[in-house]
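Me: I have a structure to look through, and I would like to talk about its contacts and salt bridges. Could you walk me through it?

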Amino acid sequence: MAAVLRVSINPNVLANKMSRSNPSRPSRTTMAIMSQDHPYWASVHAEIEVHLKQHILVRPPLSVFEPMHHLVFSAPPSPGPALCVAACELVGGHRDQAIAAAAALHLMHAAAVIHEQLLSTDRLKTKPKPRPMVHSPGIELLTGDGMFAFGYELLAKSMDPAQNNSDRILRVIVEMTRAMGSQGMVDGQYHEILMLCKQSRYYKYVCEKKEGGLHACGAACGAILGGASEEEIERLRRYGLCVGVMIAFSNRVEERNEMETTEVVKELRSLALKELEFFHEGKAEAISSFLHLLNL
């Protein structure tokens with residue numbers, strides 16, 4: 001079920017702001033989040049990275065695994081995979097139950113970043129200084145495609161008869177295909193291209209489909225893997241959507257529009273906290289701590 005987010009914004013004004021900004025500039029707010037010295041989030045990201053390094057080794061064929069290894073670990077971090085683990089733990093699951101799904105989400109996020117960078121460099125021509133490429137555009141395109149497939153492989157391998165988790169894993173795979181496919185990330189990227197080309201002004205739509213969809217998916221998948229009820233899954237999905245859209249607004253709007261961005265983020269934070277009121281306050285402390293890491 002797709003989460004719906006209602007926030008009072010002026011999409012035309014924000015779309016104009018986005019069209020003037022550099023879509024490939026460093027993710028200021030997200031990078032600030034990841035650099036914060038926060039024990040819980042640091043431990044989650046460290047475990048996700050360890051899991052990925054155990055499975056993405058530089059091995060034959062080097063033409064496949066060398067660029068994959070480089071591009072996976074050079075991609076900017078996203079809180080979406082960590083939300084997967086946090087949601088699992090919130091509903092009573094163990095971190096190990098969600099780590100493979102979190103790693104798969106990081107792979108898919110990294111692949112989406114690769115594809116977006118190729119589009120902005122080779123088609124949109126919006127950057128005055130194209131980013132340096134370690135590999136050719138063709139290699140990066142193919143590697144990104146391979147990373148999506150490898151993410152699903154990691155998920156499938158996490159099926160364990162002893163845990164009787166096959167149905168949950170299958171449901172998580174469906175969640176990820178929706179979030180990353182033609183109804184999710186791809187749709188958002190398409191409309192973002194149109195918006196940058198001044199053919200469309202779906203600013204809020206893009207934010208919900210891209211960052212919003214990734215984080216909603218992460219939170220919902222973690223809840224599923226932790227054995228949550230349907231109500232818990234949907235509440236955490238909406239919470240993740242708010243978190244992702246907060247990040248999208250924080251990253252895209254220019255510095256001189258900080259006041260307006262702060263108001264939008266404030267409203268989103270309020271909506272997110274309302275979803276967490278359903279859960280025991282003590283148990284929700286870890287996942288709610290993310291909201292206080294935004295530098296706005």
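**Contacts, core and salt bridges**

Me: Which residues does Leu236 touch, not counting residues up to four places away in sequence?
Reply: Happy to help! This is a predicted model, where local features need pLDDT of at least 70, side-chain atom pairs count only at pLDDT 80 or more, and totals for chains, interfaces and linings use all residues. Residues are numbered from 1 along each chain as its sequence is written, and side-chain values use heavy atoms, with hydrogens and water left out. With contact taken as heavy atoms within 4.5 Å, Leu236 touches Ala87, Leu90, Val91, Ala219, Ala223, Leu276, Phe279 and Ile287.

Me: Which helix gives the most residues to the largest nonpolar core?
Reply: A nonpolar core is a set of buried Ala, Val, Leu, Ile, Met, Phe, Trp, Tyr and Cys residues joined through side-chain atoms within 4.5 Å. Buried means under 20% relative accessible area, exposed over 50%, and partly exposed in between (1.4 Å probe, protein chains only). The largest such core has 80 residues, and Met147, Met176, Leu236, Tyr239 and Ile287 touch the most other members. With 14 residues, the top contributor to this core is helix H6 (residues 95–124).

Me: How far apart are the closest N and O atoms of Arg237 and Glu175?
Reply: The two residues form a salt bridge, that is, a side-chain nitrogen of Lys or Arg within 4 Å of a carboxyl oxygen of Asp or Glu. Arg237 and Glu175 are both buried. Their closest N and O atoms are apart by 2.8 Å.

Me: Where do Arg237 and Glu175 sit in the chain?
Reply: Helices are DSSP runs (H or I, at least four residues), numbered from the N terminus. This pair links distant parts of the chain, 62 residues apart. Arg237 is in helix H11 (residues 230–252), and Glu175 is in helix H8.

Me: Is Lys210 buried or exposed?
Reply: Lys210 forms a salt bridge with Glu192, with 2.4 Å between the closest N and O atoms. Lys210 lies in helix H10 (residues 203–225) and Glu192 in helix H9 (residues 185–196), so the pair ties together parts 18 residues apart in sequence. Glu192 has a relative accessible area of 9% and is buried. At 4% relative accessibility, Lys210 is also buried.

Me: Which residues are linked in a network of salt bridges with Arg235?
Reply: Arg235 forms a salt bridge with Glu231, the closest N and O atoms being 3.2 Å apart. Being 4 residues apart in helix H11, the two are separated by about one helical turn. The network links Arg235 with Glu231, Arg238 and Glu275.
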